[in-house]
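Me: Hello! I am new to this structure and would love a close look at one part of it, with some of the surroundings explained too.

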Amino acid sequence: MPQFALLLTTFVWGATFPATKAALEQISPLSFLFLRFLLGSLVVFGVLLLMRRRLTCDAYMVRASAIATAWLFLGYVLQTVGLRYTTASNSAFITVLYVVFVPLYLRRLGVHTWVSNGIALLGLWLLVRPTASANLGDLLTMGSAAAFAAHMVCLERYTRVADPVSLFAWQLLLMTLAMLGAMWWEPPTLAMFEPSRVLVVGLVVTGVLATGAFAVQMWAQRLLPAQQVALLFAAEPAVAAWLAWYFLGENLDAQGWFGSAMILGGVLLGSWVTGESSPAHQGPSTARSEGG
């Protein structure tokens with residue numbers, strides 16, 4: 001069941017928050033992102049090599065991979081830079097606004113979509129309690145939410161008309177190359193790359209486990225509409241809060257628990273209620289004629 005598989009991946013995505021937070025005590029954000037995607041690429045291409053799995057590399061695949069990667073890269077960079085100027089709670093709340101952007105992009109504006117999204121967003125507000133004042137970081141993070149939503153929309157389309165394994169692998173490779181160039185914006189030092197336990201654990205969680213979660217997302221988006229995928233991922237901040245409470249000792253009061261319960265309620269409602277669906281599976285010829 002793709003919904004259940006995606007809910008399980010939110011535990012991995014949620015674990016990336018405390019793992020990354022701990023690793024960033026040692027290494028700069030963009031350098032960490034480079035290592036994360038480098039490790040993920042090595043793992044995936046290593047597995048593909050062992051399986052002797054050949055990748056598609058025609059013009060359509062190159063274009064689809066480049067477009068999807070551009071949105072993914074923009075989302076990560078805007079989110080990371082935005083964290084310099086805003087609070088973590090504001091970042092968490094604003095990022096999950098992709099649950100609003102996705103149905104707007106796709107013009108799937110059914111009542112059940114907005115009810116379930118509204119419940120989840122209200123719960124997230126109670127959980128993270130973002131400040132009411134806006135700043136540059138909030139605007140950048142809003143841009144990242146829009147970019148992540150565009151990436152989900154791209155995956156809904158491209159995974160139905162192109163080889164999803166190839167699309168997955170090329171995105172990882174392109175993200176690694178893009179982050180290699182971006183990390184020189186904040187030049188790293190050799191000390192940042194010392195293989196400490198915290199850094200290694202952070203890279204295993206984000207570079208290996210999260211890469212596996214990304215693979216599950218690629219598979220699920222062949223079967224589920226993008227707005228439902230976005231809503232399922234809204235559970236990620238709640239999971240992150242629970243893990244941070246358990247492993248890092250961060251405070252989670254009654255309001256936080258109630259908010260996280262509302263998030264899950266909205267997610268479950270959006271998962272169980274049938275409504276607007278994604279476009280029917282198209283053949284490659286149809287998709288290619290429509291363009292990017």
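Leaving aside its neighbours within four places in sequence, which residues is Asp163 in contact with?

Reply: Happy to walk you through it. Please keep in mind that this is a predicted model. Once neighbours within four places in sequence are left aside, Asp163 is in contact with three residues named Arg53, Thr56 and Met61. To find Asp163 yourself, look at the loop between helix H7 (136-161) and helix H8 (164-182). Is Asp163 buried or exposed? Its relative accessible area is 18%, and buried means under 20%, so Asp163 counts as buried.

Now let us step back to the whole chain. The protein chain has 13 helices and 0 strands, and reading along the sequence gives the pattern α-α-α-α-α-α-α-α-α-α-α-α-α. Of the 292 residues in the protein chain, 52% are buried. Its accessible surface comes to about 13400 Å², with 71% of that belonging to carbon and sulfur atoms. If you take the contacts between residues at least 6 apart in sequence, 91% of them join residues at least 24 apart.

One pair of helices shows how such parts meet. Helix H2 (residues 29-50) packs against helix H9 (residues 197-220) at an angle of about 50°, and their axes are 8 Å apart. That angle makes H2 oblique to H9, and H2 passes H9 in a right-handed crossing. On the H2 side, the residues that meet H9 include Phe32, Leu35, Arg36 and Leu39. On the H9 side, the residues that meet H2 include Leu199, Gly202, Leu203 and Val204. The residues of this contact of H2 with H9 divide into 10 nonpolar, 5 polar and 1 charged. A general point may help as you look at such a contact: an α-helix has 3.6 residues a turn, so residues three or four places apart point the same way.

Two more helices are worth a visit. In helix H5 (residues 98-106), the buried residues are Tyr98, Val99, Phe101, Val102 and Pro103. H5 is followed by Arg107, whose phi is positive, near 60°. In helix H6 (residues 111-128) you will find Ser116. With a relative accessible area of 1%, Ser116 is buried. The C-alpha atoms of Ser116 and Gly266 are separated by 4.4 Å, although these residues are 150 residues apart along the chain.

To come back to your question, Asp163 sits in the loop between H7 and H8, where Asp163 is in contact with Arg53, Thr56 and Met61, leaving aside neighbours within four places in sequence.

Methods:
Residues are numbered from 1 along each chain as its sequence is written. This is a predicted model: local features need pLDDT of at least 70, side-chain atom pairs count only at pLDDT 80 or more; totals for chains, interfaces and linings use all residues. Side-chain values use heavy atoms; hydrogens and water are left out. Helices (H or I, at least four residues) and strands (E, at least two) are DSSP runs, numbered from the N terminus. Buried means under 20% relative accessible area, exposed over 50%, partly exposed in between (1.4 Å probe, protein chains only). Contact means heavy atoms within 4.5 Å. Accessible areas come from the Shrake-Rupley method with a 1.4 Å probe; for residues, only the protein chains shown count as cover. Axes are lines fitted to C-alpha atoms, for helices over the stretch in contact, and angles run from 0 to 180 degrees between N-to-C directions. Angles under 35 degrees count as roughly parallel, over 145 as roughly antiparallel, 65 to 115 as roughly perpendicular and the rest as oblique. A crossing is left-handed if the near helix is turned anticlockwise from the far one by less than a right angle, and right-handed if clockwise. Ala, Val, Leu, Ile, Met, Phe, Trp, Tyr, Cys and Pro count as nonpolar, Asp, Glu, Lys and Arg as charged, and the others, Gly among them, as polar.
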